[in-house]
Structure formats: structure tokens, C-alpha cells
Amino acid sequence: MEKMKVGVVGATGMVGQRFLTLLENHPYFEVVLLAASARSAGKTYREAVGERWKMKVAMPEKFADMIVLDASNIDAIAGKVSFVFCAVDMKKDEIRALEEAYAKAEIPVVSNNSAHRWTPDVPMVIPEINDSHLEIIAEQKKRLGTKRGFIAVKPNCSIQSYVPALTPLLKYKPTTVLATTYQAISGAGKTFKEWPEMIDNVIPYIGGEEEKSEQEPLKIWGHIENGQIVKAAAPLISTQCIRVPVSDGHTAAVFVKFENKPTKEEILEAWASFSGKAQELELPSAPEKFLTYFEEDNRPQAALDRDIYGGMGVTLGRLREDTVFDYKFVGLSHNTLRGAAGGAVLIAELLYREGFFN
């Protein structure tokens, strides 16, 4: 099978680096182009990254000597790739304009950025949960005036630790959700070497994260109406997002109240049997089991469980009844795999298999 030629825009940052480790030997996609800011353009990838390689595995040699292009020079990129992954570090309005420019140049964009998450005709997708939202792409193309070009985005990394667990429970009508997320430093694009202040420390604020964590689930659970995605009206979600001294893995402590309270056994069965289009199509990056529940009181743990199914599975534990809410539990997801680059690669695999890149 001939692989589809793809580019990574924002290739020098932490998420861009993670994309390259995931795509090095991908069965569907071949990375043929790397792009970044003007200051990196013209350098080899190795030169452009320099001492800033942040992955635990070595830089893939196949990319080291590639010449990095200027991400803003779309004319130089058009025609060379079938679509791009985007993970740039720019102001939100600049990202929004850049991604639309790619789409209008008939280059589909699978984005890790937040800039277009609330554009009404841009699908924000977790493939196991709301693959049907891809249908909105036809409306987006009408707005953009494109034949092939469109934008699809991945949701915020923090919500992957609790939205997958809540989704199979929607049939019991959750009314109120409280979630506190304990977020790894890689979510800020940092390592402990770069951010020694985080050692033996907790920071109780992550800019913009709580608004995303409270609102993005509602778009994911929403529906398409009159050419746009309308967010769900419930449940009411309140969050606190805290930075903790962990390298990778976002943990969530979740409390939930239901209109129709299920039994603990019903919740565990709903989690155990939950799967989606990613598993149905056996996509290369899809975890064999989306949700894994641990009976042990001290699981899940970031160090032990974040890499389950290649970091694409979500782990859960400590489900029990609560004195204020109906139930409480703990969730964990790998924030740069399921929550960032891996989640975007999974979206691209779904788009590919469903014919959206044709």
C-alpha cells in the first residue's frame, strides 16, 4: 500500500517531536515535510531542534537531516503533502489564520492547537466518542470554498482523563460533574531539566485550562444542527486544574451526580464494554481496550499506567459512592500521547479510513 505523504507543522516543539516518534514507521502515513517558524527554516531538523529534543527516545534519523521549511510559506508546501498535522506555538488568532490558510490551499489540517476548537463547523474529535461529528466537514468546506481543504481538531489534553469515563454513563443523565485535574509538566511543553522550579512543587493554576475543561466536553457530547455543532446543555461541569511534579500523565479526581443513579456494577459494566469507531476499524493507534479499570486502591498511577496500550488507553480506579455526589472515581490519561500527538494521529487515521482525505 502506498503511504499518504504528510507534513508536520510546528515540528520542533514537544508535540511536534512526539508526532515524529509516532509517525516514524506509520502504516498509513509517510512524513515528507517538516515546517516550523522562520527562525528554524533552512536548517536541518537536527540543527533547528538543537539541545531541545525532549523525547525519551532518540530523534529518528530519517528526519534529522530534513530541511525545515517556513510554516507560513504555504505555497512552498502545497502540492508536496496530502495533509498536515499542526502543533505550532503562536498566538491563537495567528494559529486560526494559519490553519485556515492551509485549508484554503486545499491542504487538510489535523490540529493539536486550541484555536479552532470553538469554530462551529470544525469537528473536535475523540474517535471513540464523537466520530459522527466529522459529517460537519462538508459544511465547513462550503464556508471555506474548498474541495479538499478542512480543519479537524483534537480536544484539550486534560479532559481525556474523565470525558471517556463519563461518556458511557450519559444514558444515566449526569447532572453535575466536579473534576480536579493533576497535570504533568509536559502539558506545558517542559521537562524537569528545563523547569526545576516544579520539583517538589505544586502550582494551583494553569492559564485557560479550567474554561477548556468545563466547556469542551459539552461540544464533544453535542450534536449537529443547521450546519454547526451545538454543544450539549448538560451536565454542569466545574473544574480545577493543578500543575504537579510529574513528567507525563494527567490524573483526574472526578465526582458526579446523576438524574438516574446507576449501580456501581452498572458503571463498571458500561466502562468495560465501551468502545467506538477506532476499535471497530482497528485503527493502528487505537487501544485494544479504551477504558481499563483497576480494582486496587492505589491505581491508576502515572508512573505505572500512563503507557497502557502505547499511551492511548485511559485508566480508571477508586469508583465508590460519595457523601455529596452520587459517585467519585479517579482517571488517568497520557497527555502527550492520547491527549496530544497520539490523539491527533488517531483522528487522522479515522479521517483516512473514512475517505475524508480523498
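Here a biologist and a modeller talk through a predicted model, one question at a time.

Biologist: Let's start with helix α1, residues 14-23. How many of its 10 residues are buried?

Modeller: Helix α1 is mostly covered. Its buried residues include M14, F19 and L23. Out of 10 residues in the helix, the number buried is nine.

Biologist: Which elements cover the buried residues of α1?

Modeller: The cover includes both strands and helices, so let me go through them by type. Among the strands are β1 (4-9), β2 and β4 (83-86). Among the helices are α2, α3 (61-64) and α14 (337-353).

Biologist: β4 is in that list. Which residues of β4 are buried on its two sides?

Modeller: Both faces of β4 are covered. On one side the buried residues are F83 and F85. On the other side they are V84 and C86.

Biologist: How many bridges join β1 to β4, and which residue of β4 is the bridge partner of V9?

Modeller: β1 and β4 run parallel, and the bridges joining them number four. For V9, the bridge partner in β4 is C86.

Biologist: What about β5, residues 109-111: which residue there is the bridge partner of F85?

Modeller: β4 and β5 also run parallel, joined by three bridges. F85, one of the buried residues of β4, takes part in this pairing. Its bridge partner in β5 is V110.

Biologist: Which helix joins β4 and β5 in a β-α-β unit, and what is the hand of that unit?

Modeller: The helix is α5, which spans residues 92-104. Together with β4 and β5 it makes a β-α-β unit whose hand is right-handed.

Biologist: Now a single residue, A41. Is A41 buried, partly exposed or exposed?

Modeller: A41 sits in the loop between β2 (29-36) and α2 (45-49). Its relative accessibility is 28%, and buried would need a value under 20% while exposed would need one over 50%. A41 therefore counts as partly exposed.

Biologist: Which residues does A41 contact, leaving aside neighbours within four places in sequence?

Modeller: A41 and I67 are 26 residues apart along the chain, yet their C-alpha atoms are separated by 7.4 Å. The contacts of A41, with its sequence neighbours left aside, are V68, L69 and D70.

Biologist: Where are the cis peptide bonds at P235 and P300?

Modeller: Most peptide bonds are trans. P235 lies in the loop between β9 (228-230) and β10 (236-243), and P300 lies in the loop between β12 (291-294) and α12 (302-305). The cis bond at P235, with omega about 5 degrees, joins it to A234. The cis bond at P300, with omega near 5 degrees, comes from R299.

Biologist: K173 and N226 have a positive phi. Is each of them partly exposed or exposed?

Modeller: K173 has a phi of about 55 degrees and is found in the loop between α8 (163-166) and β7 (174-183). N226, with phi near 55 degrees, is in the loop between β8 (223-225) and β9. At 44% relative accessibility, K173 counts as partly exposed. At 74%, N226 counts as exposed.

Biologist: Let's turn to open spaces. What is the volume of the largest pocket, and which residues are closest to its centre?

Modeller: The volume of the largest pocket is about 1,200 Å³. It is lined by 48 residues, and those closest to its centre are V15, A87, V88, D89 and N113.

Biologist: How do the lining residues of the largest pocket divide by class?

Modeller: Helices α1, α5, α9 (209-220) and α14 each supply at least two residues of this lining. By class, the lining divides into 14 nonpolar, 20 polar and 14 charged.

Biologist: Which residues lie nearest the centre of the second largest pocket?

Modeller: The second largest pocket has a volume of about 330 Å³. Its lining divides into five nonpolar, five polar and seven charged residues. Of its 17 lining residues, the nearest to the centre are R18, K54, M55, K56 and D248.

Biologist: Last one: which element supplies the largest share of the lining of the largest cavity?

Modeller: The search of the whole structure finds one cavity of 30 Å³ or more, and its volume is about 40 Å³. Residues lining the cavity include V125, K154 and R338. The largest share, three residues, comes from α14.

Notes. Residues numbered from 1 in each chain as written. Predicted model: local features only at pLDDT ≥ 70, side-chain atom pairs only at ≥ 80, totals over all residues. Heavy atoms only, no water. Buried < 20%, exposed > 50% of the residue type's maximum accessible area, 1.4 Å probe, protein only. Contact = heavy atoms within 4.5 Å. Pairing = 2+ DSSP bridges. Right-handed = clockwise from strand over helix to strand, strands pointing away. 1 Å grid on protein atoms, 1.4 Å probe; cavity = no way out; pocket = protein on both sides within 12 Å on 5 of 7 lines; lining within 4 Å. Points joined across faces, edges and corners; volume = space filled by probe spheres on them. Nonpolar A, V, L, I, M, F, W, Y, C, P; charged D, E, K, R; others polar.
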